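Please open the model in your viewer, with a cartoon for the backbone and sticks ready for the side chains. The stops below say what to select next and what is to be found there.

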Amino acid sequence: MSRLASELHRLRRSPWEVLCSALVSCGLVLFSQLAVAIVPRLFPSISLLAMLPVAGLVFLVAILLGRFWRRFIGVAASAPLFVLFNVLFLWGVYVFVIRRDTSSLLDMLINAECALLLWGLYRILSGDPGIVAYESSFLEEAGCKDFVDAICSSEKYPSLSRVRNCNCCKANVRGYDHHCPAFGNCIGQKNHRLFMALLTGFVVAESTYTMCSTKYITRCITSGTLRTENHFSLNMVIGTMLFSVLQVLWQVVFLIWHVYGICFNIRTDEWVMSNFPCFGLFLHQLQVVFSFAVSYS
């Protein structure tokens with residue numbers, strides 16, 4: 001049984017609940033993307049650069065409204081499905097609107113990137129991050145009350161080196177870096193390389209999409225077809241381009257941090273807890289609340 005199936009069994013979520021969560025996630029993606037697409041419609045005279053902070057604010061408000069809406073319907077969106085549907089949405093806008101103005105080589109490239117992102121999302125969601133399980137006999141020999149107590153005394157047990165307990169997954173992960181809600185899994189020793197490849201893939205794919213959408217917008221302006229072009233399609237292209245740029249901005253910073261961590265053998269959780277222990281405890285509690293809301297709502 002895959003990790004995804006075992007987690008669904010552990011959480012005792014029925015197929016109907018999973019389907020409802022998927023529908024809510026899809027609805028939230030459509031709502032947030034349409035909200036961002038309204039920005040160029042409301043502010044047609046400002047530059048694309050000036051639209052960026054406005055689009056970021058609108059997207060954030062849309063997400064908060066979506067979370068508030070959850071209280072009325074009783075079903076929460078799933079963060080991994082939210083990421084998945086965003087990839088599919090951008091891919092759909094490219095295929096049905098932007099593709100006709102893209103060269104064959106670039107078309108093959110962006111389609112391959114989107115397909116690889118979907119494959120990578122499946123692999124990281126269903127894969128094992130490096131979960132460590134020890135029998136009760138080990139704890140008795142070690143003289144520890146539980147596995148967390150054994151981890152705290154890991155200097156006595158080399159086999160437990162860099163094993164951390166994830167409060168979200170309730171699992172002990174070797175080489176634990178952090179819990180990634182967007183990918184629905186812990187990032188540990190066994191999937192850290194896949195995480196880095198997937199994060200790099202998102203940056204590359206969104207940058208490629210930004211380049212293609214920019215060419216489409218430039219073509220509409222230079223060819224004089226801006227007024228005859230479907231305004232809904234054009235606003236959707238501009239909105240998704242702004243969304244992609246916003247994603248790339250924070251993902252590049254996140255990628256640089258992880259490259260730095262690899263170079264100096266630093267784990268995110270260890271660094272946060274050692275330098276900002278109060279903030280680290282707050283993040284852990286926030287992750288627990290987020291995981292509980294997504295899993296049990």
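Colour the whole protein chain by accessibility to begin with: of its 297 residues, 46% are buried, and since this is a predicted model, that share, like everything that follows, describes a prediction. In the cartoon, the protein chain shows eleven helices and four strands. If you then draw the contacts between residues at least 6 apart in sequence, 68% of them join residues at least 24 apart.

Select next residues 79-98, which form helix α4, together with residues 192-222, which form helix α8; these two helices pack with their axes 11 Å apart and at an angle of about 30°. Because angles under 35 degrees count as roughly parallel, α4 and α8 are roughly parallel to each other, and their crossing is left-handed. Show side chains where the helices meet: α4 contributes Val 83, Val 87, Leu 90, Val 93, Tyr 94, Val 97 and Ile 98, while α8 contributes Phe 202, Tyr 209, Cys 212, Ser 213 and Tyr 216.

Stay with Cys 212, which is buried at a relative accessible area of 2%, and add Cys 114, which is likewise buried, with a relative accessible area of 9%. Are these two cysteines bonded or too far apart for a bond? The cysteine sulfur closest to that of Cys 212 belongs to Cys 114 and lies 9.6 Å away, too far for a bond, because a disulfide requires the two sulfur atoms to be within 2.5 Å. The structure as a whole holds zero disulfides, and Cys 114 accordingly is in none.

Move now to residues 163-166 and 171-174, strands β1 and β2, which pair in the antiparallel sense over four bridges. Within this pairing, Asn 165 of β1 stands opposite Asn 172 in β2. Four residues lie between the strands of this hairpin, and Lys 170 there takes a positive phi near 55°, which can be checked on a Ramachandran plot.

For the last stop, centre the view on Cys 166, which is placed in strand β1 and, at 0% relative accessibility, counts as buried. Which residues does Cys 166 contact, leaving aside its neighbours within four places in sequence? Selecting around it brings up Ala 171, Tyr 176, His 179 and Cys 186. Of these contacts, His 179 is 13 residues from Cys 166 in sequence, and the C-alpha atoms of the two residues are 7.1 Å apart in space.

Conventions
Residues are numbered from 1 along each chain as its sequence is written. This is a predicted model: local features need pLDDT of at least 70, side-chain atom pairs count only at pLDDT 80 or more; totals for chains, interfaces and linings use all residues. Side-chain values use heavy atoms; hydrogens and water are left out. Two strands pair if DSSP finds at least two bridges between them. Buried means under 20% relative accessible area, exposed over 50%, partly exposed in between (1.4 Å probe, protein chains only). Axes are lines fitted to C-alpha atoms, for helices over the stretch in contact, and angles run from 0 to 180 degrees between N-to-C directions. Angles under 35 degrees count as roughly parallel, over 145 as roughly antiparallel, 65 to 115 as roughly perpendicular and the rest as oblique. A crossing is left-handed if the near helix is turned anticlockwise from the far one by less than a right angle, and right-handed if clockwise. Contact means heavy atoms within 4.5 Å.
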